[in-house]
Amino acid sequence: MPTFRVEECLAEIKECLEQGWTGIGYKTVAFEEAWKTYTGLANAHFVASASAGLHLAVSVLKQAGAWKDDDEIITTPLTFVSTNHAILQEQLRPVFADVDEYLCLDPAAVEALITPRTRAVMFVGLGGNSGRLPDIAALCRGRGLRLILDAAHMAGTRVDGVHAGAQADAAVFSFHAVKNLPTADSGMVCFRDPALDTQARKLSWLGIDKDTYSRTLRSPSGYHWRYEVEHIGFKYHGNSVMAAMGLVALRYLDQDNAQRRELAAAYDEALADCAAVRPVPVAPGCEPSRHLYQILARHRDALMAHLNARSIYPGVHYRDNTDYSMYRAAAGTCLRATRASHELISLPLHLRMRQSDVARVARAIATFDG
Ligand SMILES: *Cc1c(COP(=O)(O)O)cnc(C)c1O
């Protein structure tokens with residue numbers, strides 16, 4: 001359940017309407033600059049969604065590295081479908097590796113799957129946890145592989161004091177309404193290499209080499225109607241109304257995440273003696289966004305029903321992707337992910353909750369004898 005700062009959002013959006021500029025440019029530029037300042041990342045391109053950003057990242061890296069169709073990207077089965085669709089959308093092959101106790105890719109499992117056709121690793125920081133991301137980054141450097149970070153849950157996550165994303169060739173954040181930096185629908189793709197950022201900007205607007213904003217507001221000689229088109233491209237760029245909401249949400253991100261971590265700490269304490277459930281640990285060195293608070297429960301479905309009967313509605317993030325018919329060829333190859341997929345619960349965690357709400361959920365779990 002997102003919490004919007006309604007008056008501040010309306011004031012930022014009002015500026016867009018008064019300026020007569022709601023599209024790409026203006027607030028999208030301001031938000032990109034604010035995001036770079038906040039994260040310390042070198043480049044940031046505002047896009048329509050993280051799904052678009054993930055596809056764009058794979059597409060740009062494939063082109064830059066002259067990857068062939070059916071080349072491989074090692075990825076996790078425990079994620080939202082966007083992650084692995086992005087690989088297939090570029091005619092590449094997702095190779096599923098198992099997860100570790102943080103429910104993120106296990107470096108040993110990844111290493112065992114590297115072949116001469118492996119081009120990249122796709123890492124998901126599940127729930128805002130960074131897992132063994134630094135080890136994966138070192139592995140990729142050592143083996144000449146690209147690292148793509150699906151950072152959809154990682155707005156505000158720090159790893160060894162540095163904002164998540166610096167470890168990767170491309171990091172993709174989601175600002176969907178249900179994420180911890182909520183707009184309505186948008187995302188950010190952050191390339192390490194400025195040349196790839198430039199390429200992504202062309203591809204995200206149908207291959208056109210300059211956007212309308214640069215051609216009008218920024219051009220000293222007035223409107224330049226002439227532009228070049230070198231590629232097919234997509235319609236993936238973000239717009240100023242979403243960026244206006246993002247600018248407001250970013251002002252509160254650290255404060256909001258701190259509140260999430262306090263609620264998570266309250267869950268940790270309240271569930272410490274509860275044998276029925278095991279909280280997923282946060283990796284050492286990680287200051288998580290706490291987009292999610294995840295537990296594992298042996299009798300998950302019964303516990304869910306028990307909680308639902310008490311008007312508590314947790315979520316599940318995610319179903320093992322190799323369970324879906326389109327990825328079924330890989331079923332049974334990632335046993336830890338498959339088991340987690342049957343045991344996972346994301347407990348309620350949002351900014352309108354108080355410690356007393358956490359206590360109520362914990363009490364409901366304690367009365368479950370499964
Ligand atoms: C939400 C999510 C996405 C997609 O984000 P959108 O902005 O909705 O496209 C991708 N990966 C993960 C892990 C997500 O949770």
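## Reading a two-domain model

The count between domain 1 and domain 2 is 21 residue pairs in polar contact, both residues at pLDDT 80 or more.

Colleague: Okay, before I get lost, what kind of model is this?

Modeller: It's a predicted model. Start with the layout: the domain assignment splits the protein chain into domain 1 (6-251) and domain 2 (254-366). Their C-alpha centres lie 26 Å apart.

Colleague: How do I read the size of the interface between domain 1 and domain 2?

Modeller: The general idea first: people often quote the accessible area lost when the parts come together. Here, about 2,800 Å² is buried between domain 1 and domain 2, and carbon and sulfur atoms give 57% of that area. You can also count residues: 35 from domain 1 are in contact with 35 from domain 2.

Colleague: And how many salt bridges are there between domain 1 and domain 2?

Modeller: Just look for a charged pair: a side-chain nitrogen of Lys or Arg within 4 Å of a carboxyl oxygen of Asp or Glu. Between domain 1 and domain 2 the count is one. Find the side chains of Arg158 and Asp254, which meet in a salt bridge at 3.0 Å, N to O.

Colleague: Which helices and strands supply at least two residues each to the side of domain 1 that touches domain 2?

Modeller: Helix H4 (81-88), strand E3 (93-96) and strand E6 (158-159) each do. H4 gives the largest share, four residues. Sort that whole side of domain 1 by class and you get 17 nonpolar, 12 polar and six charged residues.

Colleague: Now the ligand. Which residues come nearest?

Modeller: There are 17 residues around the ligand, and Ser51, Asp150, His153, Lys179 and Tyr318 come nearest. Then check atom pairs. An N or O atom in the His153 side chain is 2.6 Å from a ligand oxygen, and for the Lys179 side chain the distance to a ligand oxygen is 3.2 Å. Ala50 uses its backbone instead: an N or O atom there lies 2.9 Å from an oxygen of the ligand.

Colleague: What should I look for in the backbone itself?

Modeller: Most residues other than glycine have a negative phi, and most peptide bonds are trans. Now try Tyr318 again: the peptide bond from His317 to Tyr318 is cis, with omega near 5°. Tyr318 sits in the loop between helix H11 (300-308) and helix H12 (335-343).

Colleague: And where is Leu103 found?

Modeller: In the loop between E3 and helix H5 (107-112). Leu103 isn't a glycine, yet its phi is positive, about 65°.

Note on methods. Residues are numbered from 1 along each chain as its sequence is written. This is a predicted model: local features need pLDDT of at least 70, side-chain atom pairs count only at pLDDT 80 or more; totals for chains, interfaces and linings use all residues. Side-chain values use heavy atoms; hydrogens and water are left out. Domain bounds come from an automatic or database domain assignment. Contact means heavy atoms within 4.5 Å. Buried area is the accessible area (1.4 Å probe) that two parts lose on being put together, summed over both. A polar contact is a pair of N or O atoms within 3.5 Å; within protein, one must be able to donate a hydrogen and the other to accept it, and residues adjacent in sequence count only if both atoms are side-chain atoms. Ala, Val, Leu, Ile, Met, Phe, Trp, Tyr, Cys and Pro count as nonpolar, Asp, Glu, Lys and Arg as charged, and the others, Gly among them, as polar. A residue is near a molecule or strand if one of its heavy atoms lies within 4 Å of it.
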